[in-house]
Amino acid sequence: MQVLVTGGAGFIGSNFVRLVVGSYSHVTVTVLDAFTYAGDRASLAGLEDRVKIVEGDVADAETVDRLVADADAVVHFAAESHNDNSLADPSPFVRTNLIGTFTLLEAVRRHDVRYHHISTDEVYGDLELDDPQRFTEATAYNPSSPYSSTKAGSDLMVRAWVRSFGVRATISNCSNNYGPRQHVEKFIPRQITNIIDGVRPKLYGDGLNVRDWIHVDDHNRAVWTILERGELGQTYLIGADGERTNKDVIEQILVAMGEDAHDYDHVTDRAGHDRRYAIDSMKLRRQLGWRPWFGNFQRGLDDTIAWYRDNESWWRPQKAAAEDRYAGQSVIGQGH
């Protein structure tokens, strides 16, 4: 089985590639990645005998068509995904998330290749903090940023290509991921690496915004389950019942790293900051039998902290550039 993984050098994509080649001897993988700042060849180190790496853009129709023609399945991780960056310049989000998805959909349509589309819970907007409801597959889309709106648009294109052209596709919308190999611009690794460097973490606003956290390995096991057994044309929500306020998360990280729980600074909230995300993943669990392995957030967090402590050579080259970018934009990191 030959699987084309777009964005396979990024955080979630590289962990997916490692999961697949480590678990399934009959699968070989081709990675298509543009190697922007968020893609790192080091994330695929040691996999050279099982993984073919192609540097290219998902919006490049010629490259995409050639790779899709040789694939049995496509898993589309490639995306611009940082909310703060989308507010500073939406144009890369339009190109990658919309034009890139269109390009892939046309290629899988021509070659009749199975396609799985990775998306986010942020397409649904946000929930009130005291709302007992969670997002389900029937929740109406209500995106609030250039990032989430372009992801919403890409989801809708997949649904249209399924209905109009019979493309063999599924979609998954996942909650906030954390774990090894996540870029230091993101919320959890930025706090961990700042504490390692002796820098006080920073928290947007009151810190009461709620995110539903899932370990990246649990997300990727769900993706493979959907690719193997998911019903074509269906959407599946992936979540691990990991609702936490940002304040709780930053304090939990500090304590786990031997620091005072209150040793952080509040900064001005970002524009359009969603208040709460929460995933109802019962359809995935009931129909396909998936369950998270890292059911305990603290266990997953400890695993993640240990990885960043032990792999400074992986994240250190990114750190200075990310902090310079933050200084210019006055942002602190968030997202998947």
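## Exercises on a pocket, a helix and two cores

In this predicted model, the largest pocket holds about 670 Å³ of space. Let's work through what surrounds it.

**Exercise 1.** Find which residues come closest to the centre of the largest pocket, and describe its lining by class.

*Solution.* Start at the centre: among the 37 lining residues, F77, A78, A79, E80 and S81 are the closest to it. Next, sort the lining by class, which gives 15 nonpolar, 16 polar and 6 charged residues. Finally, look at the elements: α1, β2, α4 (91–111), β5 (114–120) and α5 (146–165) each contribute at least two residues to this lining.

**Exercise 2.** Check the length of α7 against its expected span, then decide whether the helix is mostly covered or not.

*Solution.* First, take the 14 residues of α7 at 1.5 Å a residue; the span is counted over one less than the number of residues, so 20 Å is expected. The end C-alpha atoms of α7 lie 20 Å apart, which agrees. Now turn to burial, with the cut-off at under 20% relative accessible area: 11 of the 14 residues in α7 pass, so the helix is mostly covered. Among the buried ones are H219, R221, W224 and L227.

**Exercise 3.** Locate the best-connected members of the largest nonpolar core and the elements that build it.

*Solution.* Of the 34 residues in this core, F16, V17, V29, V75, F77, I238 and L284 touch the most other members. Elements giving two or more residues to the core include β1 (2–6), α1 (11–23), β4 (73–76) and α7 (216–229). Last, look elsewhere: another core of 23 residues lies apart from this one, with V184, V249, I305 and W315 among its members.

Notes: Residues numbered from 1 in each chain as written. Predicted model: local features only at pLDDT ≥ 70, side-chain atom pairs only at ≥ 80, totals over all residues. Heavy atoms only, no water. Core = buried A, V, L, I, M, F, W, Y, C linked by side-chain atoms within 4.5 Å. Buried < 20%, exposed > 50% of the residue type's maximum accessible area, 1.4 Å probe, protein only. Helix = DSSP H or I, 4+ residues; strand = E, 2+ residues; numbered from the N terminus. 1 Å grid on protein atoms, 1.4 Å probe; cavity = no way out; pocket = protein on both sides within 12 Å on 5 of 7 lines; lining within 4 Å. Points joined across faces, edges and corners; volume = space filled by probe spheres on them. Nonpolar A, V, L, I, M, F, W, Y, C, P; charged D, E, K, R; others polar.
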